[in-house]
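Biologist: I am new to this structure and would like a close look at a single part of it. Please choose one place where elements pack together, describe it in detail, and then say how it sits in the rest of the chain.

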Amino acid sequence: MFVYHHFHHNIFQNIIKAYSREASGKTTSVAVIRHAILSLIVYLCEHYIQDYQYSPQRSLAVQRVMEATLYIHRNISSNITLDVLSAHLGICQSHFSREFHKITGMTVIEYVNILRCKEAKRLISEGQSVSEAAIASGFNNLSYFTRTYKKYVGELPSSNKKTDQPPAY
């Protein structure tokens, strides 16, 4: 643990020192800053991404997840289910579900809902009503939309509503 802390401390000190020199008007090579940051990235990759081992199966799984996310983005207002996605990819639902979760850290439904909430938030801020935004972003049930939006955005959809009139005093 001491080596880990000492190593990180040295890298951060090098980065701070390089930026301090730059801020005080002394010229610091951009390469020095890049080197320090890249050292940290390499260290983190070597010590924290040990579970990620390259394999043709892993590469194929990443490709499938990327294809699925592209499909989701293109069809956000459609009825997107695990069944639809796995059929689109031509693989078993449970296998795809495990792959997706392992690579993204979330379930397919969580990913779809987060994306739909972002889209709904954008639409509401552009002036659409909450119900119009919910439908346009793929939610068919307004109650489910409100609960899901609150869960992922942290506020009610109506709090993002665009107002064209000045605030009343």
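Modeller: The answer below starts with the whole chain, turns to one packing site, and then follows its neighbours outward.

The model is predicted, not determined by experiment. The protein chain contains eight helices and zero strands, and its pattern along the sequence reads α-α-α-α-α-α-α-α. Of the 169 residues in the protein chain, 27% are buried. When contacts in the protein chain between residues at least 6 apart in sequence are taken, 52% join residues at least 24 apart.

The part to look at is the contact of helix 6 with helix 8. Two packed helices are described by the angle between their axes and by the distance between those axes. Here helix 6 and helix 8, which spans residues 142-153, pack at about 95° with axes 9 Å apart. Angles of 65 to 115 degrees count as roughly perpendicular, so helix 6 is roughly perpendicular to helix 8. Helix 6 brings Ile 109, Glu 110, Asn 113, Ile 114, Cys 117, Ala 120, Lys 121 and Ile 124 to the contact, and helix 8 brings Tyr 144, Phe 145, Thr 148, Tyr 149, Tyr 152 and Val 153. By class, the residues of this contact are 10 nonpolar, two polar and two charged.

Among the residues on the helix 8 side, Tyr 144 can be followed further. Tyr 144 lies in helix 8. Leaving out residues up to four places away in sequence, Tyr 144 touches Ile 109, Asn 113 and Phe 139. Ile 109 and Asn 113 both belong to the helix 6 side of the contact. The C-alpha atom of Tyr 144 is 9.7 Å from that of Ala 134, a residue 10 places away along the chain.

How do the rings of Tyr 144 and Phe 139 sit relative to each other? The structure holds five aromatic pairs. Phe 139 and Tyr 144 form a pair with 6.0 Å from centre to centre and 55° between the planes, which is a tilted arrangement. Is each of these two residues buried or partly exposed? Buried means under 20% relative accessible area; Phe 139 counts as buried because its value is 2%. Tyr 144 has a relative accessible area of 33% and is therefore partly exposed. Phe 139 and Tyr 144 also belong to one aromatic cluster with Phe 145 and Tyr 149. Phe 145 and Tyr 149 are among the residues that helix 8 gives to the contact with helix 6.

The helix 6 side of the contact leads on to helix 7, which covers residues 130-136 and contains Ala 133. Ala 133 is buried, since its relative accessible area is 0%. Residues within four places in sequence aside, Ala 133 touches Ala 120, Leu 123, Ile 124 and Gln 128. Ala 120 and Ile 124 also take part in the contact of helix 6 with helix 8. Another helix 6 residue of that contact, Lys 121, is 12 residues from Ala 133 in sequence, with 7.7 Å between their C-alpha atoms.

Helix 6 also has a part in the interior of the model. The largest nonpolar core has 14 residues, and Ile 72, Leu 85, Phe 96, Phe 100 and Val 108 have the most contacts inside it. Two or more residues of this core come from each of helix 3 (56-74), helix 4 (82-89), helix 5 (93-104) and helix 6 (108-125). Helix 6 supplies the largest share, four residues. Another core lies apart from this one; it has 10 residues, including Cys 117, Leu 123, Ala 133 and Ala 134. Cys 117 is also one of the helix 6 residues in the contact with helix 8.

For comparison, consider helix 4 and helix 5. Their axes come within 9 Å and cross at roughly 95°, and the two helices are therefore roughly perpendicular to each other. Helix 4 takes part through Leu 82, Asp 83, Leu 85, Ser 86 and Leu 89, and helix 5 through Gln 93, Phe 96 and Ser 97. This contact has four nonpolar, three polar and one charged residues.

How values were computed. Residues are numbered from 1 along each chain as its sequence is written. This is a predicted model: local features need pLDDT of at least 70, side-chain atom pairs count only at pLDDT 80 or more; totals for chains, interfaces and linings use all residues. Side-chain values use heavy atoms; hydrogens and water are left out. A nonpolar core is a set of buried Ala, Val, Leu, Ile, Met, Phe, Trp, Tyr and Cys residues joined through side-chain atoms within 4.5 Å. Buried means under 20% relative accessible area, exposed over 50%, partly exposed in between (1.4 Å probe, protein chains only). Axes are lines fitted to C-alpha atoms, for helices over the stretch in contact, and angles run from 0 to 180 degrees between N-to-C directions. Angles under 35 degrees count as roughly parallel, over 145 as roughly antiparallel, 65 to 115 as roughly perpendicular and the rest as oblique. Contact means heavy atoms within 4.5 Å. Ala, Val, Leu, Ile, Met, Phe, Trp, Tyr, Cys and Pro count as nonpolar, Asp, Glu, Lys and Arg as charged, and the others, Gly among them, as polar. Rings of Phe, Tyr and Trp (its six-membered ring) pair if their centres lie within 6.5 Å; planes under 30 degrees apart count as stacked, over 60 as edge-to-face and the rest as tilted.
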